[in-house]
Amino acid sequence: MKRTTRHRTTFVLQGGGALGAYQAGAVCRLAEAGILPDLVAGISIGAINAALIAGNPPDRRAERLTAFWERVSGAASWPGLRFLGAGIALTAGAPGFFAPRPWPAALDASGLPGHAGFYDTAPLRHTLEDLVDFDLLNAGPVRLVVGSVNVATGNFIWFDSAERRIGPEHMMASGALPLGFPPVEIDGDYFWDGGLVMNTPLARVIESRADDLPLVVWQVDLFPARGPVPRSIWTVEAREKDIRFSSRIRAVTDRMRAKHALAAALHAHADALPAALKADPTVARLLAPPARAPLTLIHLIYRAKPYETGAKDYDFSREAMRAPWAAGVADVARSLSHPQLSAHDATKAGMHVFDAADSEEKAPIHERG
């Protein structure tokens with residue numbers, strides 16, 4: 001990608017459990033190419049990966065991402081018996097991430113919200129405290145944004161290091177998926193997984209731009225919108241998850257494109273607008289330079305393998321982790337070497353969206369109109 005002037009870089013990381021290894025592989029390959037974020041935003045497992053990035057200096061990020069994924073995937077590997085990994089996660093949990101609560105405790109009526117889950121996520125807190133420098137995360141150069149849902153109000157909440165101090169509990173809250181994980185208490189309120197409402201922080205990233213520098217967003221998603229029609233009951237759940245978690249991605253992207261085009265159109269005719277209209281807060285935001293600054297969105301999507309089932313997002317076996325990780329590395333390498341993307345000028349006016357596909361497709365990257 002051409003870089004004639006300085007631009008800002010953001011990583012946007014979707015939720016998706018064990019498939020988050022794809023994001024880790026992609027981020028490590030981007031780092032090898034010298035592509036480092038100014039801001040990283042995530043939901044659920046994306047929030048955890050984001051904290052590992054923002055909470056470590058550039059020369060340690062790959063090491064810490066690797067350490068996390070090797071820790072939670074354990075040492076076991078069963079080539080050809082992948083279904084065992086999901087079964088072990090359900091019965092024994094994932095080391096350094098979550099552990100099953102005893103059945104009497106999991107089903108108790110103590111009235112404590114923090115017990116309302118089949119698994120205990122205390123191991124995740126210890127892992128985050130071990131692998132993330134939270135002082136650096138909160139005072140360092142990389143801004144962190146993670147999303148969660150207030151259980152009592154149903155409102156989506158952004159936890160932003162530019163606005164408040166972030167701790168391990170914020171990542172735990174962003175990934176507290178019911179019924180498995182209990183809600184996480186923060187300042188007297190309880191929070192669940194942000195993916196219940198919104199599985200991508202893309203809109204937050206774009207709408208919170210503070211300057212008119214060109215912005216390049218690497219959006220790394222874990223569920224593809226397109227896929228084959230299931231031919232057996234074993235693949236129905238996998239396809240259902242793909243559709244459910246990817247459904248908002250295209251809608252958000254299209255909304256951002258329309259808003260960007262509206263801002264450019266308003267600016268082009270700003271002199272003809274009545275003063276009262278230009279003073280309207282909504283119009284004023286659209287006329288502001290950040291609303292129409294050049295924007296490039298590069299969309300990487302994990303493509304499920306034929307053998308994967310609905311358990312793909314909770315199979316934390318070492319064998320299952322390796323395939324998404326390798327795919328993330330390969331997809332970034334292919335994207336960076338693709339002529340259309342490498343020739344793109346990030347300072348070009350407008351919003352430009354590039355969809356990166358897997359190696360089996362004839363057009364690995366195309367700009368979406």
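Mentor: Before we look at any loop, keep in mind that helices, of at least four residues, and strands, of at least two, are DSSP runs numbered from the N terminus. The model above is a predicted one, and its chain has 15 helices and 12 strands.

Trainee: With that in hand, where is Ser 44 placed?

Mentor: Ser 44 sits in the loop between β2 and α2.

Trainee: Why does Ser 44 count as buried?

Mentor: The cut-off for buried is under 20% relative accessible area, and Ser 44 has a relative accessibility of 10%, so it counts as buried. Its phi is near 60°, which is a positive value in a residue other than glycine.

Trainee: What makes a positive phi worth a remark?

Mentor: Most residues other than glycine have a negative phi, and most peptide bonds are trans. Asp 187, in the loop between β7 and β8 (189-193), also has a positive phi, of about 55°, although it is not a glycine. After α3 comes Gly 74, and its phi is positive as well, near 70°.

Trainee: Is Asp 187 buried or exposed, and how do you know?

Mentor: Exposed means over 50% relative accessible area, and Asp 187 is at 67% relative accessibility, so it counts as exposed.

Trainee: Why is Arg 29 called partly exposed?

Mentor: Partly exposed is the range between under 20% and over 50%, and Arg 29, at 22% relative accessibility, therefore counts as partly exposed. Arg 29 belongs to helix α1 and, leaving aside neighbours within four places in sequence, is in contact with Val 329, Val 332, Ala 333 and Leu 336. Although Arg 29 and Leu 336 are 307 residues apart along the chain, their C-alpha atoms are separated by 9.9 Å.

Trainee: Which bond joins Pro 178 and Leu 179, and how do you know its kind?

Mentor: Omega is about 0° there, and the bond joining Pro 178 and Leu 179 is a cis peptide bond. Leu 179 is part of the loop between α8 (168-174) and β7 (184-186).

Trainee: What makes you say that strand β2 is largely enclosed?

Mentor: Strand β2 covers residues 39-43, and five of its five residues are buried, so the rest of the structure largely encloses it. Leu 39, Ala 41 and Ile 43 point one way from β2, while Val 40 and Gly 42 point the other way, and all are buried.

Trainee: How do you know that β2 pairs with strand β1?

Mentor: Two strands pair if DSSP finds at least two bridges between them, and β1 (residues 8-13) and β2 have four bridges, in the parallel sense. Across from Val 40 in β2 stands Phe 11. Going from β1 through α1 to β2, the chain makes a β-α-β crossover that is right-handed. On the same test of at least two bridges, β2 also pairs with strand β5 (residues 143-150), since five bridges join these parallel strands. The bridge partner of Val 40 in β5 is Leu 144.

Trainee: How do you know that the length of helix α3 agrees with what a helix should span?

Mentor: The expected span is 1.5 Å times one less than the number of residues. For the 16 residues of α3 (residues 58-73) this gives 22 Å, and the end C-alpha atoms are 24 Å apart, which agrees. Helix α14 passes too, as its 20 residues should span 28 Å and its end C-alpha atoms are 29 Å apart.

Trainee: Which residues of α3 are buried?

Mentor: They are Arg 61, Arg 64, Leu 65, Phe 68, Trp 69, Val 72 and Ser 73. Seen down the axis of α3, these buried residues fall within an arc of 150°, so they line one face of the helix. Among the elements that cover them are α1 (21-32), α2 (45-54), α6 (122-131) and α14 (318-337).

Trainee: What makes you call α2 mostly covered?

Mentor: In α2, 10 of its 10 residues are buried, including Ile 45, Ile 48, Leu 52 and Ile 53.

Trainee: How much confidence does the predictor have in the chain as an average?

Mentor: The chain averages a pLDDT of 85, and 89% of the residues score at least 70. Over residues 358-364, however, pLDDT stays under 50, and the model has 11 contacts for them beyond four places in sequence. Where pLDDT is low, the predicted coordinates should not be read in detail.

Key: Residues are numbered from 1 along each chain as its sequence is written. This is a predicted model: local features need pLDDT of at least 70, side-chain atom pairs count only at pLDDT 80 or more; totals for chains, interfaces and linings use all residues. Side-chain values use heavy atoms; hydrogens and water are left out. Buried means under 20% relative accessible area, exposed over 50%, partly exposed in between (1.4 Å probe, protein chains only). The arc is that of the directions from the helix axis to the C-beta atoms. Contact means heavy atoms within 4.5 Å. pLDDT is the predictor's confidence in each residue, from 0 to 100. A crossover is right-handed if, with the strands pointing away from the viewer, the path from the first strand over the helix to the second runs clockwise.
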